[in-house]
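Student: I have a model open and want to test the labels people put on it. Can we go through them one by one?
Tutor: Yes. Ask why each label applies, and we will set the value against the cut-off.

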Amino acid sequence: MFKKILIANRGEIAVRVARTARKMGVATVAVYSDADRNAPHVRACDEAVHIGPSAAAESYLKADRIIDACKKTQAEAVHPGYGFLSENAGFAEALDKAGIVFIGPTAETIRAMGSKSAAKDLMEAANVPTTPGYQGEEQSVATFKREAERIGYPVLLKATAGGGGKGMRMVAREEDLEDALVSAQREAKSAFGDDRFLIEKYVTRARHVEVQIFGDGNGDVVHMFERDCSVQRRHQKVIEEAPAPDLPAGTRTALLKAGVDAGKAVNYRGAGTVEFLYDADNDAVYFMEMNTRLQVEHPVSEMITGLDFVEWQLRIAAGESLPLTQDQISESGHAFEARLYAENPNQNFAPSIGTLTTLRLPSETARIDSGVEEGQAITPFYDPMIAKIITAGSTREEALGAMRAALSETRVAGLETNAAFLYALAAEPDFIKGDVSTKFIEEHDDALFAQTPAGPKQWAAAALWKRKNGSSHDHDPWSALTGFRLNRPRHEVTWIEHEGHPAILRLSNAGEVFNATLEPDASAAARREGRETLPPLAFSFSGSMNDTEMRLTHEGEDFTVFAAPHGDKLRIWIDADHWDIGFPDPLAGISAHHSSEGSLTAPMPGVVTLLSAKPGDVIEAGKPLLVMEAMKMEHAIKAPFDGVIKAYKFQPGDQVKDGDLLVEFEESA
């Protein structure tokens, strides 16, 4: 066994690899960029080496700096994690040339499977079922149009060097194909340095199932059963489970055999995942790709097999045979993994950048794989994952119930997350039944994106928190005089704001019971600006709180509220739902939540890549005005209404900050 390994990655996977290495008595070396100088993965390892600036292209993707760090620390092997250099054949070759072991498959295997086109050719030769499509060298628009016509719409464009949903487009009509291809090529070139594509038949309601395999590099390959990763946004996985629900026994047997056959076709070494589309209508599975690395979702397979996949990786890389034969590998129960991201589901899952001012994860009720901590910033340089929340049970129902319980205990403030969305997904009746597909989110968007409006419970929590943590904005002289009236309680007056709705909250108490009224903001400014207001509301409550939790009673119902500052607001949680309540100073006016009318701002830091029109052009609502790239994904900034472009504020290649004015846009008369 190795004495010391270097982990050429960051975040939760680096922490996770270090944990197993420590258990095995193997010393570890971390590498880190400027942005990660104080990151948890640095402290999780025995040594750490600085490798460059924050941008991944100048640090984690610099193979020569990784190799120099190995030589400096005398690390014998490199674990690449996932992403970055994990599927880079040139990196594996460079390590081999330097006498350093790559903990993964051979460079030949990586190269063969790294091209979706070449991989598909290999699988067809090995009689592994593949999706009808075209993966030739001719890359003209005319060729793709001809092949799409032959295959039949809808079709799927896929970058041959792609992964993680990047460089992937579904096209339903011939007239949309050219624009989709050009956009996807631009995205693929930026993400992978390769703009070659293949085209496949798009299975309208498919499931994404995958087989976890391990090989010893000497012809022996075993599987660790399958996972279902169907629920996705932007072709990226959101929640995964093992085993796949409601898979016919015969289909499952064929799927697992196809996974092993795929591994044997390339004499696979180490951990790999063979991904398939399952067409339930025709009970058919089609090979998609092989990921020549450890997958993000590997914990669900670990949970049902009771095995440590990183330990297997280290043992195989050190020259040992497979620790178990296929007959010795068994499965038990069910497991789920939810990916907690810093992103805003209500803005097309746009990444959310900021500091994790509050981070409470359900470590007592779930397995938590995380590489961030409270007080740490989520930057635009890397994937915005906060944690993987993993639950298990003897049945699917039990494991999913544990997932809902874990998500209802998750608390993050300082930026936006998908926690409430994940809970809604785990509670959706069709998901509970296991009726999933890659179109699940769009088919259930009404339920998944529904937001519960604030009511007496939320206003009671806000009033109690404000009473304990700060003086009220009592600028109303008539209300202030109530404190001097004989035999009358003094009213506390607080200005409240939620989702742009201003109101006045008046609070008084008689013993332990508080009486409250929520009144619309009827000020002249509100009337003049036509601001929408909250409805009048009167309610009573009682309660107490410590630093973060309140115990409240309203209309005979007891409930617990968690509260934490969230920027200039208060974020309050009741179970899995949360609301952001502001306490504006009425003398300063209600804060603006949107850019000024007629202008569009950057939703996150990024780079402008394309101006879709020019000043003076008339643009219909919903049409793109410009395209920007953030976190290796393209985001189209679209016209909110029919209008005219007055001016662009940036040009392609310009870096923009969150909130920067991108384009002045005037509504048509």
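**Labels and the values behind them**

Tutor: Start with the makeup. The model is predicted. The protein has 19 helices and 41 strands.

Student: What makes the protein as compact as a globular protein of that length?
Tutor: Compare two numbers. The radius of gyration is 27 Å, and the globule rule gives 26 Å for 669 residues. The values are close, so the protein is as compact as a globular protein of that length. The C-alpha atoms fill a box of roughly 90 × 60 × 55 Å along the principal axes.

Student: How many disulfides does the count come to?
Tutor: The count is 0 disulfides.

Student: Why is Cys45 not bonded to the closest cysteine sulfur?
Tutor: The closest cysteine sulfur belongs to Cys70, and it lies 12 Å from the sulfur of Cys45. A disulfide needs the two sulfur atoms within 2.5 Å. At 12 Å the pair is too far apart for a bond. Seen from the other side, Cys70 is in no disulfide, and its nearest cysteine sulfur is that of Cys45.

Student: Are these two cysteines buried or exposed?
Tutor: Buried means under 20% relative accessible area. Cys45 has 10%, so Cys45 counts as buried. Cys70 has 1%, so Cys70 is buried too.

Student: Why is Ala563 called buried?
Tutor: Its relative accessible area is 2%. The cut-off is under 20%, so the label holds.

Student: Where is Ala563, and which residues is Ala563 in contact with?
Tutor: Ala563 sits in strand E31, which covers residues 557–566. Leaving aside neighbours within four places in sequence, its contacts include Trp465, Asp547, Met550, Leu570 and Trp573. Asp580 is 17 residues from Ala563 along the chain, and their C-alpha atoms are separated by 9.8 Å.

Student: What share of the protein's residues count as buried?
Tutor: Of the 669 residues, 55% count as buried. The accessible surface comes to about 28100 Å², and carbon and sulfur atoms hold 48% of that.

Student: Among contacts between residues at least 6 apart in sequence, what percentage join residues at least 24 apart?
Tutor: In this protein, 62% of those contacts do.

Student: How many positive and negative side chains are there, and how far apart do the centres of the two sets lie?
Tutor: There are 70 positive and 99 negative side chains. The centres of the two sets lie 3 Å apart.

How values were computed:
Residues are numbered from 1 along each chain as its sequence is written. This is a predicted model: local features need pLDDT of at least 70, side-chain atom pairs count only at pLDDT 80 or more; totals for chains, interfaces and linings use all residues. Side-chain values use heavy atoms; hydrogens and water are left out. Buried means under 20% relative accessible area, exposed over 50%, partly exposed in between (1.4 Å probe, protein chains only). Helices (H or I, at least four residues) and strands (E, at least two) are DSSP runs, numbered from the N terminus. The radius of gyration is taken over C-alpha atoms; the globule rule is 2.2 Å times the number of residues to the power 0.38. Contact means heavy atoms within 4.5 Å. Accessible areas come from the Shrake-Rupley method with a 1.4 Å probe; for residues, only the protein chains shown count as cover. Lys and Arg count as positive and Asp and Glu as negative; His and the chain ends are not counted. The place of a charge is taken as NZ of Lys, CZ of Arg, CG of Asp or CD of Glu.
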